[in-house]
Amino acid sequence: MRIHLEYFAQLRELAGQKLQIVETTHETVGPLYDELRETYGFPFSPERLRVAINGDFAPWTQPLKEGDLVVFIPPVTGG
């Protein structure tokens, strides 16, 4: 299935892009993120990120559907 991804902050820098369309056989976000983490060297474990699917925060176990927009939101830092 084809999934649309959006990255923010450090994840965007490491992926080298803000938006990406990927073909995946993963049924949930967790394994998809694990694959992306290995590919791009993302430093955050899933426990440190929030994930949104189609504009709503979602659990890492939520099933993916064709055309979903998945957004990975890293921890916010600043002073």
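This passage describes the sheet, the second helix and the nonpolar core of a predicted model.

The strands form an open sheet of 5 members in the order β2-β1-β5-β3-β4, and the pairing within this sheet is mixed. Strands β2 (19-23) and β4 (56-57) stand at the edges. Each of these two has a single partner strand, so one side of each is left without a neighbour in the sheet.

Strand β3, which covers residues 50-53, pairs with β4 in the antiparallel sense over 2 bridges. Within this pair, Ala52 stands opposite Phe57, and Ile53 stands opposite Asp56. The hairpin of β3 and β4 has 2 residues between the strands, and Asn54 takes a positive phi there, near 55°. Strand β3 also pairs with β5, again in the antiparallel sense, over 4 bridges. In that pairing Val51 is placed opposite Phe72 of β5.

Two residues of strand β1 illustrate its surroundings. Leu5 belongs to β1 and counts as buried, because its relative accessibility is 0%. With neighbours within four places in sequence left aside, the contacts of Leu5 are Lys18, Leu19, Gln20, Val22, Leu32, Leu36, Leu69, Val70 and Phe72. One of these, Gln20, is 15 residues away from Leu5 in sequence, yet the two C-alpha atoms are 5.0 Å apart in space. Glu6 also has its place in strand β1. The relative accessible area of Glu6 is 14%, and buried means under 20%, so Glu6 is buried. Apart from neighbours within four places in sequence, Glu6 is in contact with Lys18, Leu19, Leu69, Val70, Val71 and Phe72.

Helix α2 (residues 29-40) lies across β1 (2-7), β2, β3 and β5 (69-73), and runs at about 60° to β1. The helix has 12 residues, and the distance from its first C-alpha to its last is 16 Å, close to the 16 Å expected at 1.5 Å a residue. Its buried residues are Val29, Gly30, Leu32, Tyr33 and Leu36. Seen down the axis of α2, these buried residues fall within an arc of 160°, so they line one face of the helix. The elements that cover them include β1, α1, β2, β3 and β5. On the face of α2 turned away from the buried side are the exposed residues Glu38 and Thr39. Gly41 follows α2 and has a positive phi, near 75°.

The largest nonpolar core has 20 residues. Those with the most contacts inside this core are Leu5, Tyr7, Leu11, Val29, Tyr33, Val70 and Phe72. Two or more residues of the core come from each of β1, α1 (9-15), α2, β3 and β5. The greatest contribution is that of α2, with 4 residues. For Leu11, the contacts beyond its neighbours within four places in sequence are Tyr33, Phe42, Phe44, Leu49, Phe72 and Pro74.

Definitions and conventions: Residues are numbered from 1 along each chain as its sequence is written. This is a predicted model: local features need pLDDT of at least 70, side-chain atom pairs count only at pLDDT 80 or more; totals for chains, interfaces and linings use all residues. Side-chain values use heavy atoms; hydrogens and water are left out. Two strands pair if DSSP finds at least two bridges between them. Contact means heavy atoms within 4.5 Å. Axes are lines fitted to C-alpha atoms, for helices over the stretch in contact, and angles run from 0 to 180 degrees between N-to-C directions. Buried means under 20% relative accessible area, exposed over 50%, partly exposed in between (1.4 Å probe, protein chains only). A nonpolar core is a set of buried Ala, Val, Leu, Ile, Met, Phe, Trp, Tyr and Cys residues joined through side-chain atoms within 4.5 Å. The expected span of a helix is 1.5 Å times one less than its number of residues. The arc is that of the directions from the helix axis to the C-beta atoms.
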